[in-house]
Amino acid sequence: MIETQALTKRFDDVVAVNAVDLTIRDAQIFGLLGTNGAGKSTLLRLMAGILRQDQGTLLLDGKPVFEAPQVKREFFYISDDQYFFANCNLEDMRNYYAGRYPDFDRAGFDSLLRAFSLAPRRRVHTLSKGMKKQLSLFLGLSANTRYLFCDETFDGLDPVARQAVKSLFADRMANRGLTPIIASHNLRELEDVCDTIGLLHRGGLLLSRELLEMRQNVHKVQAAFRAPLEAEDFPELEILSSRKSGRLLVMVVRGELPQISAAVQQREPIFFETLPLTLEEVFISETEVAGYEFRNLIV
Amino acid sequence: MNSATLLSSAAGVFRRKLWLPALYFFAFLFVMPIRLAMTLQNYLDPARYSSSEALLRAAERAELYTREFFSAGDGVLVLLIFAAFFTMPVFFAYLHDQRQIDFYHSLPVRRERLFAEHFLAALAAVVLPYLINLLLSLAVAAALGTGGLSAGAVLAGCASHLLLLLSLYALGAVTAMLAGNRIVHALLSLVLFGFAPLLIYGYVSLRETLQPAWYSQLIEWDWIVIHSSPAARYISLLNDSYPLTWGDVVALLVFILLALFFALLLYRHRPSEAAGRALAFPISRPIIKYPLMLLAMTGFALVLYLISDDLVWYYVGAVLGGFLSAQIMEVIYRFDFRGAAKKLLPMAAMILLFCGGSLLLEHDVFGYNSYVPQQNVAAVEVYFRGSLEDYYSYQVIHQSGTTLGAEDADARLRRGRSEDPAAIAAMQRLATILAEDPEQAVAGEALPQENNNHTFVRAVMRFTLDNGKTVTREYSGSADVCTVIDELEALFADDDFLSRRYNMFEAEAGQLRLQDVISFEDISLEYGLQPSDVLSYEEQAELQRLNLDISELLATYQQELLAMSLAEKLEAPPIGRLVFYRFQKDPGTLELNWENTAVDQGLAYMCYEYPLYAGFEHTLALLEEIGYPPEYWQFQPQYAVRAEYYDEEADAANNAAETDGQPAAEVTFSEGAAETMPVPTLEADADGWTITGDAAEIAALAAATWPADACYSGFTEYDSGDRVTIIFRDEFGNLYYQERLFPLEH
């Protein structure tokens, strides 16, 4: 488990990560969501022990990460622009990481290369951007660490590769409890991958929730009433947002569906139905409640 | 288990930067085995020599060259210094690149380990090519048959190279940790390698400029400079003056350990986000900036002062240097030209501080320049500048560190020591007079010829107080000798002073060899010219009589020299000088070898040049008796004179054509022309005139070309573009040049 408390990192006058309290439980895929400059990469680099925090604590299984090789063996960090040695080939990189990570699975790495038709002797600089991302992921997965930190790693992967990576994640999660932590600025990249999402804005953590919980707890209802009812006429409901079009009232409501239905039925609607919420709509609602305009936070 | 060992990881780093050791390998290949092979082949080629003896000598020289090659090797040294400067930025480049930092620092490896891997790889990148080429060079030496190489000497040479290289590397590692990007890394390397020596030289120059009485013993400062930086220490090995001692080895080892420890400490605290910045640690900005600013202010101030000889320009230089250096550094720190407008107040304060300090020194607010200790003086040591030094030089040609010791700047003072109370009192009076500088008004102006500076006295004095402390001043004022003759005579009346002054006579007769007798041209003396005005451009023929018995000559010469009073010396300047060599061993057993005197043979000798006066009748007679008649060494009364005329146009043309000193016209004086043509003229025909006559005729010519109102202020300064060089040639073909400044009558 990764825990941070009041984690803060400044770059001169800029507060890149601001008093972040976060808990990432094992064996789930955690998504770090935020716009450019929100602090996702900095948070990941803090977690990877590259940066030293100015304030707060960051513990991995209860131990500090910075300059702790034993702790660092528990994760593999993939940056958004991963470095490979000049003029090296895939084997060279495999051998290098094998020297650094005691449990590195050479055979597993080779089989991944075969599966994705990557020649081990091919020079890294001849690979496309997406192939380099794949290579980084293969190296990370073969390192056999418990955590995998991915910074914008899915950016550039084609749908087939994304699906394959999801399968690989699922397999590793099932077999050895891998916990991938994926930072991205794109909600759509994460919504079909992650179990939990943390939303960062200006260095601060706005929310951190399990997607399923969020989806189960927030509902979109639309109903038409004879009387001209407004959202304010439903004081018993926790309405996150509402919109009225003629007699049709559309509300995003937090709470249990039966209670919400009962409240609406009680006002004898002419028409009433519940609608599926996209992840984006869930986030819009949640962040607006927090006082933010979601479209300013995320693309 | 996959874990790599430190060495295998370092080998990995080495392989990834293989291009650099490959380059070094080829550089060493040319500098070491190929160069050695070509040089030895040249030495040992029989076709180049006409006699077997010459070939034999060449073989000896080849052997000496080989020995020298393996013990020092200037090419190797230059290459290793270059490598030390260039290698670290390559191997620690990852610190200056954000991608690489993220990569390396996310790995489960301690920073100490990363540091060790890259440091070892960087070391191997230079050491391996060097060692391979060292072995190849040994093979070359063996193949070409030059023996006499001892394994110890080769190992010692190799070890000293590696030790100094390691010390430079350790410093380079500190630089790598301080710098945030490659450009600053390179600049900072230059700063750290050369900062301390430059700062010391700046300090010395500053005090010499602003405190004329400050006596800098340059050789001691040289020692400090050389030991202030591993780079300077390394470069000092290029000459034999400062060979590595065991003390140096220990000091270097301590330095290496401390520097590596410091570098590691910095690395541990180095923020990863520093990659790409100018400096990794913001606190180091002022620490680097302000000393550099000080250096720049000193440098600019001194350079402008040297050019202008005006202290106003000194302060202009200080302001300019301070401003430029501060603003350039701010721009570098911020990578933004707008940085030039930052930190103006601290810059102004620093400049004000520097100029204020300079003003205090310049105006001698603390009375440093005029201080003369008046009481409790136990001894005085005096070194007279100029003619009172009797024209002898005292220098070490080669020094082995044995009993003869080194002649340093202090030696002249030590030779002028007196503990006689009368002499001490006299020197206190003289110091007070010099501090007041009675001739300042005259000296500051252009002096007429008859006031040539041989009639003035300047002195460096060191007073030893009763409590053992010393006060040393170089009194920069001057006084006419006639006004202080009593003080001087009081000092010269002290026999102990005289015996120290002419300490050559302490040597055993067998240690001394008469090397040469050289005349001071009587024309110069007759007209009050300094011998230094007459420069001999051709080497004097050396006497080369190694086994000559000179004991009687020495005794006679000593007697006549010590018997001569100071007043007599001043009235009749010397007619020549005797050149003696003093050896450690019996000179009969040694051979002179100017090029390759082997220090390890303990061969060392000093050169004494003592004055010879016309009144030394017995000495002159003995010289003739042992084979040196006056006609052999004195200036002969047969002269050919050629005058070369220069003017501004000719100089300008020479400069434009990049030719050196071609005269506008050459005028040769014909026989007997001195009476009718005392002044060179351009109207002479192309064939010119030739004059053959005695010294008096030439003297008349020289006198005529030297009007009383002409200005003479040394060789380097001219008030007009017109000057004439008169070249005298004696019957032996020796050339003597005189330059005169005077208004030509065209």
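A crossover between two strands is called right-handed if, with the strands pointing away from the viewer, the path from the first strand over the helix to the second runs clockwise. Keep that picture in mind while moving through this predicted model, where chain A offers such a unit built from strand β7, helix α6 and strand β8.

**The unit itself.** Select residues 147–151 of chain A for β7(A), then add residues 159–176 for helix α6 of chain A and residues 179–184 for β8(A). Turned so that the strands point away from you, β7(A), the helix and β8(A) make a right-handed β-α-β unit.

**Strand β7.** Stay with β7(A) and show its side chains, bearing in mind that in a regular strand the side chains alternate between the two faces of the sheet. On one side you will find Tyr147(A), Phe149(A) and Asp151(A), and on the other Leu148(A) and Cys150(A), with both faces covered and each of these residues buried. The strand as a whole is mostly covered, since 5 of its 5 residues count as buried.

**The neighbours of β7.** Next select residues 75–78 of chain A, which form strand β6 and run parallel to β7(A), joined to β7(A) by 4 bridges; a good place to look is Phe76(A), which stands opposite Leu148(A). Then return to β8(A), which pairs with β7(A) in the parallel sense over 5 bridges, and find Phe149(A) standing opposite Ile181(A).

**Strand β8.** With β8(A) selected, show Thr179(A), Ile181(A) and Ala183(A), which point one way, and Pro180(A), Ile182(A) and Ser184(A), which point the other way, all of them buried. In β8(A), 6 of the 6 residues are buried, and the strand is described as mostly covered. Now add residues 30–33 of chain A, strand β3, which runs parallel to β8(A) and is joined to β8(A) by 4 bridges; here Gly31(A) has Ile182(A) as its bridge partner.

**Across to chain B.** Finally, display both chains and turn to their contact, which takes 22 residues from chain B and 23 residues from chain A. On the side of chain B that touches chain A, select α1 (6–16) and α5 (98–105), each of which supplies at least two residues. The largest share of that side, 6 residues, comes from α5(B). Colouring this side of chain B by residue class will show 8 nonpolar, 8 polar and 6 charged residues.

Terms used: Residues numbered from 1 in each chain as written. Chains lettered and ligands numbered in written order. Predicted model: local features only at pLDDT ≥ 70, side-chain atom pairs only at ≥ 80, totals over all residues. Buried ≥ 20, exposed ≤ 12 C-beta atoms within 10 Å, placed from the backbone. Pairing = 2+ DSSP bridges. Contact = placed C-beta atoms within 7 Å. Nonpolar A, V, L, I, M, F, W, Y, C, P; charged D, E, K, R; others polar.
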